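Let's look at this structure together and ask how each term earns its place. Have the sequence and the 3D view ready.

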There are 2 protein chains.
Amino acid sequence: MNEDKIIVSIVEDTDDIREALRVLINGSTGFECVHVFADAEEALDNMPANDINVVLMDINLPGMDGIGCMKTLKPSMPDTQFMMCTVYDDDDHIFNALQSGASGYILKRTSPAQILEAIRDLHEGGSPMSSEIARRVVYSMQQNNKPSEAIELLTDRETQILDFLAKGYLYKEIAVELFISKETVKKHIHNIYEKLHVQTRTEALNKAYHV
Amino acid sequence: MNEDKIIVSIVEDTDDIREALRVLINGSTGFECVHVFADAEEALDNMPANDINVVLMDINLPGMDGIGCMKTLKPSMPDTQFMMCTVYDDDDHIFNALQSGASGYILKRTSPAQILEAIRDLHEGGSPMSSEIARRVVYSMQQNNKPSEAIELLTDRETQILDFLAKGYLYKEIAVELFISKETVKKHIHNIYEKLHVQTRTEALNKAYHV
DNA sequence: AAGTCAATAACCCTTTCGGGTAATTTTTTA
DNA sequence: TAAAAAATTACCCGAAAGGGTTATTGACTT
């Protein structure tokens, strides 16, 4: 379509905000907004599958929320970037939105100039988000992959065996890998369970890795 | 200490860059750089535990790298923010650094003014990173928690039972939860294993969730 | 109306898991 | 050097998991 302009679509239930955004975008060189929708259902029914570069999506919509709407739309719009534009700045919303496929996340209090800048940035392959939002993302990432403190209780050998358990190895397979008897493997695992206060493999893994 | 100034420390092996950063920081109001180190070992030996607000850390150092250095320093410097300042912009380095405790990540080609801005931002609780870096982070986050395609093969009931398996429930416990017989649970699980081509609970969980 | 799929349930059978206990050897620490 | 911790192996035992098979029911499709 028009290669000079970034084609933007808006899903936002508050009339004033929706219109303000539309006017902002259509009044700026290099941007164009043809389609606006007041709720998720309207967007799902009428959003054109092609030719949309960026969707500005409010999270708090009546009925289906913006994240659900994006999840539904995204498969049929592989070349479109989604930017959440919302008042929520809590970890759950941020994390959920980004994990569900949003590439940008800005707050509604963002200035008009910054909104335009964010749209351009998103369209050019960036992930616009404020520095505080980035910190939330980084923090949650750090929490994710860190093994729990529980693992500190384990000896090196026990940790090693726990890793095999995580891969789904049988006792006898671990025994072969480590050149020890199956009974020894069992004893180690028994000790691991005692230290972690669990009774099964899955409980142990949930406790040792994961949050 | 001095509450007006942001106290910065630098770990960087290239003499020119290290000196340029020191001069930049000491020449700017509101910033001060007293300690600079040419490698990780020197930093570990001489870094003061307190009074450092921000550490600018190069990743590519001779001997121990910057990420390892940060990991070692961090426990004794809980109030200090680490910012990686490097030429690497690949996913592995970015992800590794942030997951290991860095709160900011900037590239060496960042302009002096932006470096100062990033330091201030970091000190005020943000996570400065360029928009492209943010995109990498978001992308990796999206990859992480998405269930594999394998799960598409499962029926609703099977997915539901798989969730119980993930929590470590016994067959009979699942049976009680769902008001069905233990044999039925077993049959469902058997079907799940067949669809996923696995033989054990842990293998199934690894295949269904996770990469 | 016939056929498929999903959910339900039961039976037989073997392997694996995990608890309890005891004992020996090696390594580490006090 | 003595004591403590970690790693090793073995045996008994019951519970749980998992393979294979068969069958009934209801819902959906053709």
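Domain bounds here come from an automatic or database domain assignment. This is a predicted model, where local features need pLDDT of at least 70, side-chain atom pairs count only at pLDDT 80 or more, and totals for chains, interfaces and linings use all residues. Residues are numbered from 1 along each chain as its sequence is written, chains are lettered from A and ligands numbered from 1 in the order in which they are written, and side-chain values use heavy atoms, with hydrogens and water left out.

Q: What makes domain 1 and domain 2 of chain A, and what separates their centres?
A: The assignment gives residues 6-143 to domain 1 and 149-208 to domain 2. Taken over C-alpha atoms, their centres are 45 Å apart.

Q: How do you know that strand β1 of chain A and β2(A) pair?
A: Strands are DSSP runs of E with at least two residues, helices are runs of H or I with at least four, and both are numbered from the N terminus. Two strands pair if DSSP finds at least two bridges between them. Strand β1 (residues 6-11) and β2(A) have six bridges, in the parallel sense, so they meet the definition. One example is A:V8, whose bridge partner in β2(A) is A:C33.

Q: Why do β2 and β5 of chain A stand at the edges?
A: The open sheet has five strands in the order β2-β1-β3-β4-β5, with parallel pairing. β2 (31-37) and β5 (104-107) each have a single partner strand, so one side of each is left without a neighbour in the sheet. The twist averages 25° from one strand to the next, with axes as lines fitted to C-alpha atoms (for helices over the stretch in contact) and angles running from 0 to 180 degrees between N-to-C directions.

Q: What makes a residue count as near DNA strand D?
A: One of its heavy atoms must lie within 4 Å of the strand. 18 residues surround DNA strand D, and the closest include A:S181 and B:Y171. α9(A) gives the most to this surface, with five residues. Sugar and phosphate account for 68% of the atoms of DNA strand D that come within 4 Å of the protein.

Q: How do you know that A:T184 makes a polar contact with DNA strand D?
A: A polar contact is a pair of N or O atoms within 3.5 Å; within protein, one must be able to donate a hydrogen and the other to accept it, and residues adjacent in sequence count only if both atoms are side-chain atoms. A polar side-chain atom of A:T184 lies 2.7 Å from a phosphate oxygen of DNA strand D, so the pair qualifies. For B:K186, a polar side-chain atom lies 2.4 Å from a base oxygen of DNA strand D.
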